[in-house]
Amino acid sequence: MRSGCSPAPSVRRVASRRRHPCDLPGWTSVRIDCALLCDAVTVRDDLLHILGGGITRLQRPSWPGPLGVSLAVRVMVHPTERKETHTLRCVLVDQDGQEIVRAEAEFSMVATGPMQPGEEFNVPIPIPLAHLLIPRATAYSFELLVDGVHQASVPFVAVEVPQAELPLTEEGES
């Protein structure tokens with residue numbers, strides 16, 4: 001009896017050269033490989049330090065209200081793109097596609113030494129959004145584009161919850 005993913009005996013193996021991921025369909029040389037809402041994010045030694053990552057639901061006693069979270073983004077850049085300046089665009093839209101806010105930032109890489117074949121530049125980008133006002137309780141999404149190409153969506157839902165039902169904070173306050 002055969003196990004796992006082994007090919008059936010009648011399948012002939014075809015030799016193929018190893019392809020770089022940039023050669024694959026849908027791959028871009030500058031891409032977002034991580035994007036999530038979190039309580040807080042900082043950067044140290046090219047690493048994202050994320051606290052309370054993966055937020056998908058924001059509960060407030062009323063809206064409009066502050067977003068109160070941050071967005072952690074990691075962009076991977078192929079060495080062939082390292083000398084270029086790139087643009088990260090972050091657009092917040094509501095469930096009807098209405099744009100709430102848009103922000104853009106340029107970034108570029110600084111060579112820190114020799115790179116290994118296949119290695120990419122890691123660009124950690126913390127985006128503080130705590131004071132951004134959300135107009136109403138509904139579904140939203142941060143749409144992230146690099147150099148004008150859509151790379152990621154970070155959806156979340158803003159819900160109105162009575163003050164008595166909100167979880168307690170560390171200080172014991174709602």
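This short presentation covers one sheet, its aromatic pairs and one residue on an edge strand. Please bear in mind throughout that the model is predicted.

Let me begin with the sheet. It is an open sheet of 5 strands, and the pairing is mixed. Their order is β3-β11-β10-β6-β7. Two of them, β3 (57–60) and β7, are edge strands, each pairing on one side only. On average, neighbouring strands here are turned by 20° against each other, with direction ignored. As general background, strands of a sheet pair through backbone hydrogen bonds, in either a parallel or an antiparallel manner.

I turn next to the aromatic residues. How many aromatic pairs are there? The count comes to 2.

One of these is Tyr140 with Phe156, a stacked pair with 5.5 Å from centre to centre and 20° between the planes. Tyr140 belongs to strand β10 (residues 139–146) and Phe156 to strand β11 (residues 149–160), so the pair ties together parts that lie 16 residues apart in sequence. Is Tyr140 buried or exposed? Its relative accessible area is 3%, and because buried means under 20%, Tyr140 is buried. By the same cut-off, Phe156 is buried as well, at 2% relative accessibility.

Phe156 also pairs with Phe142. Why is this pair described as stacked? The ring centres are 5.7 Å apart and the planes stand at 25°; planes under 30 degrees apart count as stacked, so the pair of Phe142 and Phe156 meets that description. Here too, distant parts of the chain are linked, with Phe142 in strand β10 and Phe156 in strand β11, 14 residues apart. Phe142 and Phe156 are both buried. Taken together, Tyr140, Phe142 and Phe156 form one aromatic cluster.

Finally, let us move to the edge strand β7 and to Phe107. Strand β7 covers residues 99–107, and Phe107 is found in it. Strand β7 runs antiparallel to strand β6 (residues 86–94), and 8 bridges join the two. Within β7, Glu106 is the bridge partner of Thr87.

Phe107 counts as buried, at 10% relative accessibility. Which residues does Phe107 contact, leaving aside its neighbours within four places in sequence? Among them are Glu84, Thr85, His86, Thr87 and Leu88. The contacts also include Val30, Val75, Val77, Val123, Ile125 and Val146. Of these, I would single out Val75: Phe107 and Val75 are 32 residues apart in sequence, and their C-alpha atoms are 10.0 Å apart in space.

That concludes the presentation, and I thank you for your attention.

Terms used
Residues numbered from 1 in each chain as written. Predicted model: local features only at pLDDT ≥ 70, side-chain atom pairs only at ≥ 80, totals over all residues. Heavy atoms only, no water. Phe/Tyr/Trp six-rings, centres within 6.5 Å; stacked < 30°, edge-to-face > 60°. Helix = DSSP H or I, 4+ residues; strand = E, 2+ residues; numbered from the N terminus. Buried < 20%, exposed > 50% of the residue type's maximum accessible area, 1.4 Å probe, protein only. Contact = heavy atoms within 4.5 Å. Pairing = 2+ DSSP bridges. Axes fitted to C-alpha atoms, helices over the stretch in contact; angles between N-to-C directions.
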